[in-house]
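Subject: Structure handover

Hello,

Here is the structure we talked about, with its sequence. Please open it first, then read the notes that follow.

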Amino acid sequence: MNDKDVILSVRNLQTHLRTRRGVVKAVDGVSFDVRRGETLGIVGESGSGKSMTAFSIVQLLPRVGRVVGGEVIFNGEDLLKKSPREMEKVRGKHVSMVLQDPLTSLNPVFRTGDQIAETIRHHLKDAPDPKGKAVELMRQVRIPAPATAYRYYPHQMSGGMRQRVLGAIGVSCEPEFLIADEPTSALDPTIQAQYLDLLKDLQKQYNLTIIFITHDFGIVATICDTVAVMYAGKIVETGPVRDVFQRPSHPYTEALLKSLPSLEEKPKRLPSISGQPPMPHEMPTGCRFAPRCPYKFDKCEEYPPDTHVSPTHISACWRSVK
Amino acid sequence: MTAMKSSSTPGGGAAVAMPPQTTSMSGRKVLLEAQNLKKHFAVGRAGFLGKPAGHVRAVDGVDFTISAGQTIALAGESGCGKTTLGNVLLRLELPTEGALLWEGKDIVTLTKEERQGYRRSVQAVFQDPWSSLDGRMKVQDLVGEPLVINEKQMSRAQVLERVAELMDQVGLQEVHMERFPHEFSGGQRQRIAVARALSLNPKVIILDEPVSALDVSIRAQVMNLLKELQEKYNMAYFMISHNLATARFISDTVAIMYLGRFAEYAESELFFKKPLHPYSQALVSASLPVEFENRRQRIVLQGEVPSPINPPSGCRFRTRCPQVMDICSEIQPELMEVARGHRVACHLYK
């Protein structure tokens with residue numbers, strides 16, 4: 001693997017939100033690389049900054065949000081330097097997004113098929129038959145009877161079908177890069193399994209690179225190649241999924257993985273993490289996890305550097321610093 | 001439609017369950033008993049004042065018992081009827097058919113006093129502690145409200161004393177009593193909801209997805225708390241969950257529901273060692289583990305859950321079942337005991 005394979009490189013990304021109670025550093029110096037054709041899982045709890053990281057990449061931040069530093073190098077170009085008009089061309093065509101809630105991302109008063117065709121018309125001006133392509137895409141995402149389903153409004157479809165329509169929109173312009181923000185969290189388990197399968201197929205077919213944002217460690221273990229674990233605006237640990245999950249190096253990752261109940265055994269008590277994530281306005285100055293960390297020592301007053309525990313596995317913890 | 005007459009006790013024999021049960025097989029006191037319980041909702045009307053166009057068969061014939069100290073986990077996908085069943089248990093809905101017996105008495109015909117007693121004994125903790133707690137009430141009033149309503153003889157001071165005791169039991173501090181819900185995190189709010197449910201010393205608590213709205217790092221704390229409280233007070237839990245790993249940790253009995261009926265009903269140990277119903281197997285395989293070794297085989301079901309207004313003939317799961325046979329469209333399989341403590345409704349196990 002060499003650097004040519006890196007399609008997206010995020011360097012020291014900082015995104016701030018202006019709120020009534022002051023500035024919140026939602027993303028606070030985040031760096032990672034994604035290689036072509038691989039799936040990166042960004043996993044974290046609510047408020048950890050995982051979605052804000054994704055929205056910063058495509059520059060679809062809420063009005064109060066602003067990227068205040070860092071670089072987002074996509075195919076050799078810094079997306080942060082692009083004008084809003086240039087970004088419009090990148091989004092949808094090169095980088096597309098699938099969001100969590102298909103009911104709010106689809107327009108309720110337009111037929112679902114037309115919403116797919118609209119995206120095609122917008123980005124590929126010379127597409128010969130946007131309608132036909134939309135039907136074909138609906139077939140690809142395994143919507144039964146696609147020609148009929150083309151005429152359905154969003155409310156006439158089930159949650160799983162709507163999410164697949166979003167998937168179809170997501171790949172309609174054959175993007176290289178797809179950001180999926182909790183696309184399955186509103187779906188039932190067996191429907192989620194179908195959707196993850198579909199996503200894998202689409203990835204193969206279009207040679208897609210995917211960032212999958214989730215709070216579910218099980219999904220990451222099932223479909224991702226690499227993982228970045230976020231806590232309170234920082235990436236605390238990143239590396240190949242197997243390395244990180246089997247030999248977690250950061251105490252947060254370790255404690256969280258241990259606290260998950262399993263189908264295979266029934267412990268008397270679950271090893272739980274004490275306390276709660278810090279409030280965004282009251283961030284500890286040093287390691288964000290220190291107040292809850294069982295291994296805490298003096299050094300943790302200062303933020304730990306990203307430290308390689310193996311060539312591909314990085315942890316931000318003083319215990320890894322040799 | 002015939003009922004699952006033979007399934008009145010978990011692990012019990014094939015007694016035709018009309019006389020109420022007093023003790024379960026394990027010798028624990030039976031608190032609640034559902035006999036061929038059904039809840040249907042009318043939908044649509046043919047014209048003004050016309051007859052309903054159809055019925056949603058939300059719960060369509062289930063039999064089970066809840067005994068003191070027992071935890072039943074009810075799992076299934078949205079729309080399978082699990083929340084409706086929980087609402088019937090809370091007497092928020094009355095059964096359309098069949099019976100729900102509380103200590104041997106039908107909950108429909110309880111007298112006013114008995115009804116109050118029932119409400120005190122069967123409490124609930126809901127999924128979302130952001131919407132289940134009134135934001136304008138102080139914690140002490142939220143937790144004390146059931147006492148103020150039900151224990152009229154208690155003085156204000158006695159109520160507050162009891163609230164302080166409850167706060168301690170759920171791992172909150174007395175100083176928290178003066179605060180409002182918005183000052184707490186999700187995990188703490190759920191603790192407040194648990195304290196409120198505990199206030200009247202209930203015998204049964206219905207837990208409707210008690211941890212799924214909480215952050216991952218908080219869930220283990222709340223699950224441990226629920227388990228500790230049960231060991232201390234010997235309450236029965238009826239937990240609705242779509243997360244099987246959570247069900248595994250907390251339950252001793254698992255019921256898998258599909259379109260209003262139980263597909264499988266078994267002791268947790270037996271169920272997780274070997275789920276028998278093809279739907280259970282798919283559900284277990286859809287619960288994604290973080291382990292990489294000995295992963296269970298992934299089964300991805302085709303299609304979606306059919307409408308509960310017009311469920312498929314015969315076995316309701318047959319339209320998505322990977323092992324469907326001819327008989328499945330003709331005869332609805334009954335819940336049968338295939339091993340001690342393990343019941344399944346499937347023609348594969350005849």
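How many residues lie between β4(B) and β5(B) in the hairpin they form? There are 2 residues between these strands, and Glu103(B), which sits in the turn, has a positive phi of about 45°. Please keep in mind throughout that this is a predicted model.

Strands of chain B

The strands of this hairpin, β4(B) and β5 (residues 105-106) of chain B, run antiparallel and are joined by 2 bridges. One position to find is Leu101(B), which stands opposite Asp106(B) in β5(B). β4(B), which covers residues 97-102, also pairs with β1(B), residues 30-45. Here 5 bridges join the strands, which again run antiparallel. Leu101(B) turns up in this pairing too, opposite Glu33(B). As background, strands of a sheet pair through backbone hydrogen bonds, and they can do so in a parallel or an antiparallel way.

Arg57 of chain B

Next, look at strand β2 of chain B, which spans residues 52-67 and holds Arg57(B). Is Arg57(B) buried or exposed? Arg57(B) counts as buried because 24 other C-beta atoms lie within 10 Å, and the cut-off for a buried residue is 20 or more. Apart from neighbours within four places in sequence, the residues in contact with Arg57(B) are His40(B), Gly260(B), Pro308(B) and Pro311(B). Gln35(B) is 22 residues from Arg57(B) in sequence, and their C-alpha atoms are 16 Å apart in space.

Two helices

Helix α5 of chain B runs over residues 186-198, 13 residues in total. From first C-alpha to last it reaches 18 Å, close to the 18 Å expected at 1.5 Å a residue. α5(B) is mostly covered, with 12 of its 13 residues buried. The buried residues include Arg189(B), Arg191(B) and Arg196(B), as well as Ile192(B) and Leu198(B). Which elements cover them? Among them are the strands β6 (122-125) and β7 (204-208), together with the helices α3 (139-150), α4 (156-169) and α6, all of chain B.

In chain A, helix α7 covers residues 159-171 and has 13 residues. Its reach from first C-alpha to last is 19 Å, close to the expected 18 Å. α7(A) is mostly covered: 12 of its 13 residues are buried. Arg162(A), Arg164(A), Leu166(A) and Ile169(A) are among the buried ones.

A sheet in chain A

Chain A has an open sheet of 4 strands, in the order β2-β1-β4-β5, with antiparallel pairing. The edge strands, β2 (22-35) and β5 (77-78) of chain A, each pair on one side only. β4(A), residues 65-74, pairs with β5(A) in the antiparallel sense over 2 bridges. Within this pairing, Phe74(A) has Glu77(A) in β5(A) as its bridge partner.

Where the chains meet

The contact between the chains takes 36 residues from chain A and 31 residues from chain B. On the chain B side, α6 (216-233), α7 (244-250) and α9 (278-286) each supply at least two residues. Which of the elements gives the most to this side? α6(B) does, with 7 residues. By class, the side of chain B that touches chain A has 18 nonpolar, 9 polar and 4 charged residues. α6(B) therefore has two entries in these notes: besides its part in the contact, α6(B) helps to cover the buried residues of α5(B).

Regards

Notes:
Residues are numbered from 1 along each chain as its sequence is written. Chains are lettered from A and ligands numbered from 1 in the order in which they are written. This is a predicted model: local features need pLDDT of at least 70, side-chain atom pairs count only at pLDDT 80 or more; totals for chains, interfaces and linings use all residues. Two strands pair if DSSP finds at least two bridges between them. The expected span of a helix is 1.5 Å times one less than its number of residues. Two residues are in contact if their C-beta atoms, placed from the backbone, lie within 7 Å. Ala, Val, Leu, Ile, Met, Phe, Trp, Tyr, Cys and Pro count as nonpolar, Asp, Glu, Lys and Arg as charged, and the others, Gly among them, as polar.
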